[in-house]
Amino acid sequence: MRIRCRTLFNTPDIELWPADLLRARSNRDARILARAGHVLRRKRDGRYLAAALPEGLMPLLPRWHREAGLHDALDVLDALADARRSGADDAATLPLHRLQERLQALGVDGDAYAARTGLPLVPEPARLAYAGEDRYRRPLWLHADTARAWPRMREAAARDGVVLEAVSGYRSHDYQLGIFARKRARGQRVDDILRVNAAPGYSEHHSGRALDIGTPGEPAAEESFEHTRAFAWLREHAATHGFTMSYPRDNLHGIVHEPWHWRQE
Ligand SMILES: [Zn+2]
């Protein structure tokens with residue numbers, strides 16, 4: 001019997017997903033996912049590259065073996081097969097060196113952005129813990145510490161009759177780079193995008209320790225969240241669970257007021 005894995009293993013270009021948490025996109029996918037342990041998934045666009053089956057790797061995309069960053073992903077897969085090395089450090093993070101090149105390609109001056117906002121570059125964790133589903137029924141990935149703290153806080157709120165929902169947790173550099181690339185392709189100026197989106201690499205969501213929190217009947221990531229019972233509850237109780245609001249009104253980073261965005265220390 002397959003042991004259920006609840007960890008996302010992260011490499012610069014490819015994620016290793018527990019196969020049972022992935023959605024099958026075809027009947028062939030479904031048959032393969034049912035037998036697979038992990039699936040190698042390209043971060044840039046979410047495509048499935050190959051599945052780790054008991055008898056070996058099954059390609060899911062032509063030319064997958066020429067994929068950028070495959071070497072790193074296969075190293076992690078090998079380490080997983082070796083029980084002695086499977087206890088990797090929750091605090092381990094991925095290197096940042098390629099991010100700067102990609103920011104330059106998009107016309108984003110990372111150093112100037114850091115100087116203006118006082119925000120640090122945030123590396124991605126080497127592994128993330130499954131923390132249930134978000135409000136859209138997607139797997140919610142968080143840093144291991146935050147994945148323990150979030151359900152506790154959510155249950156405490158529920159005991160007080162308040163429903164908290166996760167809108168968004170961990171987001172990769174690739175995810176944020178993708179938002180930027182699409183907006184640039186539509187002709188938006190870098191400065192205008194930066195008024196709405198954190199520069200890729202500088203979002204607290206990259207750490208897996210930040211959560212956008214919502215409550216039923218309330219649109220996601222809107223300032224009106226501050227008038228909900230959920231927000232009132234968080235103001236009073238979040239600190240006892242280790243969560244703080246990162247971007248209150250008039251914060252020093254010049255980021256718009258985000259009452260929905262909380263970070264766990
Ligand atoms: Zn957020």
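Biologist: Of the 265 residues of the protein, what percentage count as buried?

Modeller: The coordinates come from a predicted model, and a residue is called buried here when its relative accessible area is under 20%. Applied to the 265 residues of the protein, that cut-off gives a buried share of 48%.

Biologist: Which radius of gyration does the protein have, set against the value for a compact globule?

Modeller: Along the principal axes, the C-alpha atoms fill a box of roughly 55 × 45 × 35 Å. A compact globule with 265 residues would have a radius of gyration near 18 Å, and the value for the protein agrees with this, being 19 Å.

Biologist: Among contacts between residues at least 6 apart in sequence, what percentage join residues at least 24 apart?

Modeller: The protein contains eight helices and 11 strands. When its contacts between residues at least 6 apart in sequence are taken together, the share that joins residues at least 24 apart is 63%.

Biologist: How many of the residues of strand 3 are buried?

Modeller: In a regular strand the side chains alternate between the two faces of the sheet, so each face has to be examined. On one side of strand 3 stand His-38, Leu-40 and Arg-42, on the other Val-39 and Arg-41, and all of these are buried. For strand 3, which spans residues 38-42, the count of buried residues is therefore five of five.

Biologist: Which residue in strand 4 is the bridge partner of Arg-41?

Modeller: Strand 3 runs antiparallel to strand 2 (residues 14-18), to which five bridges join it, and there Arg-42 stands opposite Ile-14. Strand 3 also runs antiparallel to strand 4 (residues 48-53), with three bridges between them. These two strands, 3 and 4, form a hairpin with five residues between them, and in its turn Gly-46 has a positive phi of about 80°. In strand 4, the bridge partner of Arg-41 is Tyr-48.

Biologist: Which residues coordinate the zinc ion?

Modeller: The spacing of the donor residues in sequence is H-x6-D-x48-H. Coordination takes place at 2.0 to 2.1 Å, through NE2 of one histidine, OD of an aspartate and ND1 of another histidine, and the residues are His-205, Asp-212 and His-261.

Biologist: How many residues apart are His-205 and His-261?

Modeller: His-205 counts as buried because its relative accessibility is 2%, and His-261 counts as buried because its relative accessibility is 2%. His-205 lies in the loop between helix 7 (190-196) and strand 9 (210-214), whereas His-261 belongs to strand 11 (residues 261-264). The pair thus links distant parts of the chain, and the separation is 56 residues.

Conventions
Residues are numbered from 1 along each chain as its sequence is written. This is a predicted model: local features need pLDDT of at least 70, side-chain atom pairs count only at pLDDT 80 or more; totals for chains, interfaces and linings use all residues. Side-chain values use heavy atoms; hydrogens and water are left out. Buried means under 20% relative accessible area, exposed over 50%, partly exposed in between (1.4 Å probe, protein chains only). Two strands pair if DSSP finds at least two bridges between them. Donors are N, O and S atoms within 2.8 Å of the metal (3.2 Å for Na, K and Ca); water is not among the atoms, so sites may look incomplete. The radius of gyration is taken over C-alpha atoms; the globule rule is 2.2 Å times the number of residues to the power 0.38. Contact means heavy atoms within 4.5 Å.
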